[in-house]
Amino acid sequence: VAKILCVANQKGGVGKTTTAVNLAVGFARSGAQVLLVDLDPQCNATTGLGHAPTARHPLVVDAPLADSVRETYHANLKLLPGSRSFQDVDLLARGEALQAAALREHLAGGLGSYDYVLVDSPPSLGPLTQTALAASTEVFMPIQCEYFAMEGLTQMIQVVRDVMKRHNSRLEFGGIVLTMYDPTLELTHEVDAEVRDFFGELVFDTVIPRDVAVCEAPSHGRAVLDYAPRSRGARAYLELCMEALGRD
Ligand SMILES: Nc1ncnc2c1ncn2[C@@H]1O[C@H](COP(=O)(O)OP(=O)(O)OP(=O)(O)O)[C@@H](O)[C@H]1O
Ligand SMILES: [Mg+2]
């Protein structure tokens, strides 16, 4: 595997899943072989692509990972579905150092043919997210332009640094993307300026606007890139994909 990108933010509903799904589709469209891994017990990435969650999480069952990989509606995009089993979440979360190594091995092993693996993580900085981070090469942080965005980001970055140190991992900061961007709000511009001032180059130029097409897409089992390709949301995600690929 060339790159394992973990999309993470402990805040709920900031656009992690939407970003993971659309980056996955965008990269696949550019010709790359992509695997989307759903680590969140909410299974939004799985259902958002029109799939059903599995009874047991593929990362904890005793079978080759490749057996659990599903085809999606896009030839270059495969899905490792999530599971709502709390027992499995617990298993995944426990003994993180070991799990991180196992997850990394899993991803590198049977899945060596992928150019990109995208991991959608739950809204927490708990063991499951840390395991995902430790197994990844880059972390992508979607944030919403709201008053507490900076606090959350700072906390998140501490956890990332801690994971880097403790697991001696190859994890790097992939970038910060501003989502559900509403330019009519004064606060949006304040937070935008503050985040860019503080994190500089790390912040993508592309911002993702608030767009109803984006929230309709999952109920059709499609990324917005396919559901409404001409929508503002889709165009923004396509631009984000280009910018992300350009950083490689
Ligand atoms: N750019 C956007 N415009 C409008 N709605 C959006 C946009 N991005 C995401 N949404 C909607 O906002 C909600 C939260 O987005 P999403 O599920 O991607 O966030 P999340 O960070 O993965 O949430 P969770 O923390 O629960 O996993 C969803 O209903 C989604 O469809
Ligand atoms: Mg999510």
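**Exercise 1.** Which loop does Phe148 lie in?

*Solution.* Keep in mind that this is a predicted model. Start with the elements on either side: strand E6 covers residues 138-144, and helix H7 covers residues 149-167. Phe148 sits in the loop between E6 and H7. Now take the surface into account: Phe148 joins Tyr147, Leu185 and Leu187 in making a nonpolar surface patch. The area of that patch comes to about 430 Å².

**Exercise 2.** Work out how helices H1 and H11 are arranged, and which residues make the contact.

*Solution.* Step one, find the helices: H1 is residues 16-29 and H11 is residues 232-246. Step two, get the geometry: their axes come within 9 Å, crossing at roughly 70°. Step three, classify it: angles of 65 to 115 degrees count as roughly perpendicular, so H1 is roughly perpendicular to H11. The handedness of this crossing is right-handed. Step four, list the contacts: H1 brings Thr18, Thr19, Asn22, Leu23, Gly26, Phe27 and Arg29, while H11 brings Tyr237, Leu238, Leu240, Cys241, Ala244 and Leu245.

**Exercise 3.** Now try H6 against H7: at what angle do they cross, and what class does that give?

*Solution.* H6 spans residues 127-134. Its axis and that of H7 come within 10 Å, and the crossing angle is roughly 60°. The roughly perpendicular class runs from 65 to 115 degrees, so H6 and H7 end up oblique to each other. Their crossing is right-handed. On the H6 side you'll find Gln130, Leu133 and Ala134; they meet Val159, Val160, Val163, Arg166 and His167 in H7.

**Exercise 4.** Stay with H6, but swap the partner for H4: is the crossing left-handed or right-handed?

*Solution.* H4 takes in residues 86-93. It packs on H6 at an angle of about 55°, with the axes 8 Å apart. That pair is therefore oblique as well. As for handedness, the crossing of H4 and H6 is left-handed. To finish, pick out the side chains' owners: Val89, Leu92 and Ala93 of H4 make the contact with Pro127, Leu128 and Thr131 of H6.

How values were computed. Residues numbered from 1 in each chain as written. Chains lettered and ligands numbered in written order. Predicted model: local features only at pLDDT ≥ 70, side-chain atom pairs only at ≥ 80, totals over all residues. Heavy atoms only, no water. Patch = residues over 30% accessible without salt bridge, like charges linked within 9 Å, V, L, I, M, F, W, Y side chains within 5 Å. Areas by Shrake-Rupley, 256 points an atom, 1.4 Å probe, with all protein chains shown as cover. Salt bridge = Lys/Arg side-chain N within 4 Å of Asp/Glu carboxyl O. Helix = DSSP H or I, 4+ residues; strand = E, 2+ residues; numbered from the N terminus. Axes fitted to C-alpha atoms, helices over the stretch in contact; angles between N-to-C directions. Parallel < 35°, antiparallel > 145°, perpendicular 65-115°, else oblique. Left-handed = near helix turned anticlockwise from the far one by under 90°. Contact = heavy atoms within 4.5 Å.
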